[in-house]
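Colleague: Could you take me through the labels on this one? I'd like to know where they come from.

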Amino acid sequence: MNFELIKAHVWSAVNDSSGNWSIRGGNVIIDGISYKPTPWRDDRNLNSLHYLSVESASVAGLCSYKATRIEPKTADIDELIYCELDICRWLTDDEIASVYALSNSGKTMSLMLKTKKGILCAIDIATTLSEETSPIIKHEITGTEGMISDRCINEHIPSKDIYVFEDSKKDPTTYIDIDLYVTGLSPEETYTAENIIKLIESRELREAALKNMEKLLKCTEAIKQSIEIGDVVRLEEKA
Amino acid sequence: MKPVKIAVLSSISVHAPNYVTSLPVHSCYDWLAMSATKDDMAKLYQGSVRPPEYVKIYETDEEMLRAHPEIEAVVLAGSNEQTYSEFVLCAKYGIKNILMMKIPTFFMDEYDEMQRLVRENDMIVQIELEMRYKQVIRQLKELCDSGVIGKLLSIQINNTTVCLPPEFMPWVTDPKQSYGKKIPLRDGETRCRGGALTDHPHPFDLARFFTDSEFESVYADVCPTIRPNLSVEDGVFVLGKMKNGVIVSIDPSYSRHENKLPPIHPVGPGWEGYPKRVEVDVVLNGEKGSIVADCFHLGVFYVGLPYNTYAFHYSAGIAHYYPSLDEFANSVRNHTTPRVNLDSHRNTIEAIVAGYESIRLGHPVKLQ
């Protein structure tokens, strides 16, 4: 991600009276406090999942949640775990109660989690792709009245919206139907910028973000402990 | 090859209709008889799934075996609970060649007894794990073995399906007929063993097949019931470790919803709620890359009769049953051991039982 571009976009968008802020090491520092952005919470598709699973309860009682994320080998697996844990909590509207985790060679990790309301969650992560390959991501929520997913039936690799097949090239150039290109930022950079702007402009959001970070820290510690001891770790016991 | 004289017992397995349609056209077999109650014949074997006129129908297994001493081989196509007793019955009648469904038994003393009978009576026993005969699975195995993604690190296998309504096939979601005994999932739980985890051994078998290893430990848990009146588990996840260190993440759930309208008989396209009735998706992560595969991808989509719902029609049908039947016939005639047999299948069953124990205990379980 190009944080200089993100910084420039945020600078042009925020209200001048928002106070002192800077971006360092992927975090945004506001009035001396460091906040970890959660750009996935501004992702359009994930917002649709949230609307369907939580806001409109279109599958009624939530039963299970699954996430798969396969990323390039240069990706930081701990960052991916943090991201997917937060997405899991957000899309189930619940907190993690227990974790069981297995890891192999630092490149793959699989988690089984249970939330406080009993929703069973599986998260499978791998950092095995080449640097040029786009991530393979899938989320699925099952409820008593149906299921929701950001991948269509028979679709396992995210598909694109425009494919340009030139007679001189073997593989098509592709585009997605999001009006973010006008800013010169990639979708992920745009979501990060939007998330940072919201943090700068809202004290309430900053307070919620700190509580969120604390809970996620407890989850990631529980995951490390589970991998070490080879057993389930219950978060209430840790508290 | 001289056709093998074969009979089908009980005929209420979900896959029994596949044999009813494939045996008459398979040149390696001379299908003599099948046993099925009058009710089951009326419900399951009408129209295009009716057995040919020359196949004699008997109400009980024993009646059929007594009437046909010339039977060389049988397909055990009853409920999971019936499999052990049918096996013992066939051994009593001197039947040496048995093709059975994917769950011989979950009770290791019975499993020991079956293995003993095989050894002592020099029997040929093949387990019907038809996924092994699909080209996509063979291709995945070749890719793993070629090293194209390097050493395997983790596997994800989803075998997610609809749940057959009890009014269509009652035994599948009856704890005793499915698991063999009514055992609650855990203390204080009304649901019992015998649901999705029982019905979907394929992911466990494929994990062993791809890794060339055995399960070392298994952790499993169930989600809140998806279908309100089900007495067995429908949503369940498994996280296991193979002896060679590969992580295996399995989803064998009945998480694909059925159409809420009354089911048509026989079950066919349009009957689903979620458009695709059966899914087997595989992700293989290695040191040098990943493979993502859909083992039921070949098909078409439509909206049409009888329910005007969007449905997926799988195009390869039951083609993978023919290589399985080829292998069984060859094993019978040449007296060779089929690739999936009672001995080789044991670790899969043990892993599933360990999964249920894990659900009960709330901790991972190490296999013996």
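Modeller: Sure, starting with a definition: buried means under 20% relative accessible area, exposed over 50%, and partly exposed in between (1.4 Å probe, protein chains only). A:Glu155 is buried, and A:Arg151 is too. This is a predicted model, where local features need pLDDT of at least 70 and side-chain atom pairs count only at pLDDT 80 or more, while totals for chains, interfaces and linings use all residues. Residues are numbered from 1 along each chain as its sequence is written, chains are lettered from A in the order in which they are written, and side-chain values use heavy atoms, leaving out hydrogens and water.

Colleague: What makes A:Glu155 and A:Arg151 a salt bridge?

Modeller: The rule asks for a side-chain nitrogen of Lys or Arg within 4 Å of a carboxyl oxygen of Asp or Glu. Their closest N and O atoms are 3.6 Å apart, so the pair passes.

Colleague: And why is A:Glu166 called partly exposed?

Modeller: Because its relative accessibility is 34%, which falls between the two cut-offs. A:Lys169, its salt-bridge partner, is partly exposed as well, with 44%.

Colleague: Why does the salt bridge of B:Lys5 and B:Asp30 tie together separate parts of chain B?

Modeller: B:Lys5 lies in strand S1 and B:Asp30 in strand S2 (strands are DSSP runs of E, at least two residues, numbered from the N terminus), so the pair links parts that are 25 residues apart in sequence.

Colleague: How do you know that A:Glu140 and B:Arg256 form a salt bridge?

Modeller: Their closest N and O atoms are 2.9 Å apart, so they meet the cut-off. The count between chain A and chain B is three salt bridges.

Conventions: Helices (H or I, at least four residues) and strands (E, at least two) are DSSP runs, numbered from the N terminus.
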